[in-house]
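Please walk through this structure with me, moving from its loops to its helices and then to its surface.

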Amino acid sequence: MSDALPVNSRLPQPSRELTLTKRLQNTLGRDWNVAYVFMLPTVILMGGIIAFPFLRAFYISFTNTTTREIGPWVGLTNYINLWTDIFYRRAVVVTAKYTIGAVSLKVLVGLLASILLNRLGNKASFWTGLVLLPWIMPEIVRAITWKGLLDPMYGGISRALMELKLVKAPLPFLGGVNTALPTVIMTNLWAGIPFFTINVLAGLKAIDHELYEAASIDGATPWRQFLHITLPGLRYVLIVVTLLSTIWTFNAFTEIFLLTGGGPMDATKVYSILAYNYAIGGLRYGPGIAVSMTMAPVLGIFIVVLGRYMMSGRRLYEEQTTKTPGVFSAIGAVIAWPFKMIIRLRLA
């Protein structure tokens, strides 16, 4: 009998350590064994500022906390009580009305304003800068200004309507149960139009003008051109800005709190103001945080959808472009690198 080893035993077998190294390299990148040293400060900072406070707040929502010291554990009692709380259910409905109404109007008005500015061509520089004024104004200044203008006795809007004989008596814009929510929506519309207008205007500039010329030669009406050229060309921009605006509007607090405080008769009390009233006003930190935590899954859905569209848009851009990245692209890649590493670490 021959003492030679079988052929399979002579071949080098891949070690488990080598396989693990290869998997880490495929997941985290080629330089993963060096990158974690540079990523460690960012991970610690993000964990200390975001992760730890969120987890601590999530834990407090299961307790009966009324002071700075965490109170006794009560389990799901705070969450169960919310579903029978009429104030909570009303706040959810008001939040939905406020978000849907404000975002819908911002999409419509922002789209119309961007189309008008795009038609002005080179003459639109002044008007574009004017459109940005509501966006750059601090939120507290914006709220105080609108509260003064909407005052029923001394505000400029009521006095102007009375002088024009459109109304006979001062209108309680922020003091009426039926007018408070529409008024707050209008103030949010005024503040949010610049974001939609500038982004959609940039999307319009990116659409090839030759498409409109070809459609015009073929006899397409302006409405047909809008439906089959403008809207498809703006699809990605509209989806991204709408999702971003929905997240910001859904979390609105400062402007509504300064204008109405959630009143009158809870007509403008969104969930963020209700959580503030429970936690800060009533010293019931558990139920207050529970109100916010019940809305976290809704925001999570918006964030996941937004991330998917942003990543799909990036992949589409990378497939369509063949040019060598310039200086600004390189700077953007360096800035985005830590965030990509966090995502990869999370996936790993």
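In this predicted model, L283 sits in the loop that runs between helix 15 and helix 16 (285–320), and its phi is near 55 degrees, a positive value in a residue other than glycine. With a relative accessible area of 43%, L283 is partly exposed. Most residues other than glycine have a negative phi, and most peptide bonds are trans.

The loop between helix 14 and helix 15 also deserves attention, and P264 is one of the residues placed in it. The peptide bond that joins G263 and P264 is cis, with omega at about -5 degrees. D266 belongs to the loop between helix 14 and helix 15 as well, and its phi, near 60 degrees, is a positive value in a residue other than glycine. D266 is buried, its relative accessible area being 16%.

What does the side chain of D266 meet in a salt bridge? One partner is R90, with a separation of 3.4 Å from N to O. Because D266 lies in the loop between helix 14 (254–259) and helix 15 (271–281) while R90 lies in helix 5 (residues 86–120), this pair ties together parts that are 176 residues apart in sequence. R90 counts as partly exposed, at 33% relative accessibility, whereas D266 is buried. D266 also forms a salt bridge with K269, and here the closest N and O atoms are 3.1 Å apart. K269 is buried, with a relative accessible area of 15%. In this way R90, D266 and K269 are linked in a network of salt bridges, and the count of salt bridges comes to two.

From these loops we can turn to helix 13 (residues 235–250), where F250 has its place. At 1.5 Å a residue the 16 residues of helix 13 should span 22 Å, and the end C-alpha atoms are indeed 22 Å apart, so the expectation and the model agree. The buried residues of helix 13 include V237, L238, V240 and V241, and further along the helix T246, I247, T249 and F250 are among those that are buried. F250 itself has a relative accessibility of 9%, and because buried means under 20%, F250 counts as buried. Leaving aside neighbours within four places in sequence, F250 is in contact with T95, T99, Y271, M295, V298 and L299. For one of these, L299, the C-alpha atom is separated from that of F250 by 8.2 Å, although the two residues are 49 residues apart along the chain.

T249, which is also buried in helix 13, appears in the surroundings of N188, a residue found in helix 10 (residues 180–206). Not counting residues up to four places away in sequence, N188 touches Y98, A102, K106, T249 and E255. With K106 there is a polar contact of 3.0 Å that joins the two side chains. N188 counts as buried, at 9% relative accessibility.

Another buried polar residue is S61, whose relative accessible area is 0%, and its place is in the loop between helix 3 (32–60) and helix 4 (77–83). The side chain of S61 makes a polar contact of 2.7 Å with the side chain of Y79. If residues up to four places away in sequence are not counted, S61 touches N78, Y79, G286, I289, A290 and M293.

The surface offers another view of helix 13, since W248 has its place in that helix and, at 43% relative accessibility, counts as partly exposed. W248 forms a nonpolar patch on the surface together with L120, F126, W127, L130, L132, L133, W135 and I136, and the accessible area of the patch is about 910 Å². The elements that give two or more residues to this nonpolar patch are helix 6 (125–131) and helix 7 (133–136).

Finally, the chain can be considered as a whole. There are 17 helices and zero strands in the protein chain, and of its 348 residues 32% count as buried. The protein chain exposes about 23000 Å², of which carbon and sulfur atoms supply 67%. Among contacts between residues at least 6 apart in sequence, 66% join residues at least 24 apart.

Methods: Residues numbered from 1 in each chain as written. Predicted model: local features only at pLDDT ≥ 70, side-chain atom pairs only at ≥ 80, totals over all residues. Heavy atoms only, no water. Salt bridge = Lys/Arg side-chain N within 4 Å of Asp/Glu carboxyl O. Helix = DSSP H or I, 4+ residues; strand = E, 2+ residues; numbered from the N terminus. Buried < 20%, exposed > 50% of the residue type's maximum accessible area, 1.4 Å probe, protein only. Contact = heavy atoms within 4.5 Å. Patch = residues over 30% accessible without salt bridge, like charges linked within 9 Å, V, L, I, M, F, W, Y side chains within 5 Å. Areas by Shrake-Rupley, 256 points an atom, 1.4 Å probe, with all protein chains shown as cover. Polar contact = N/O pair within 3.5 Å; in protein donor to acceptor, adjacent residues only side chain to side chain. Expected span 1.5 Å × (residues − 1).
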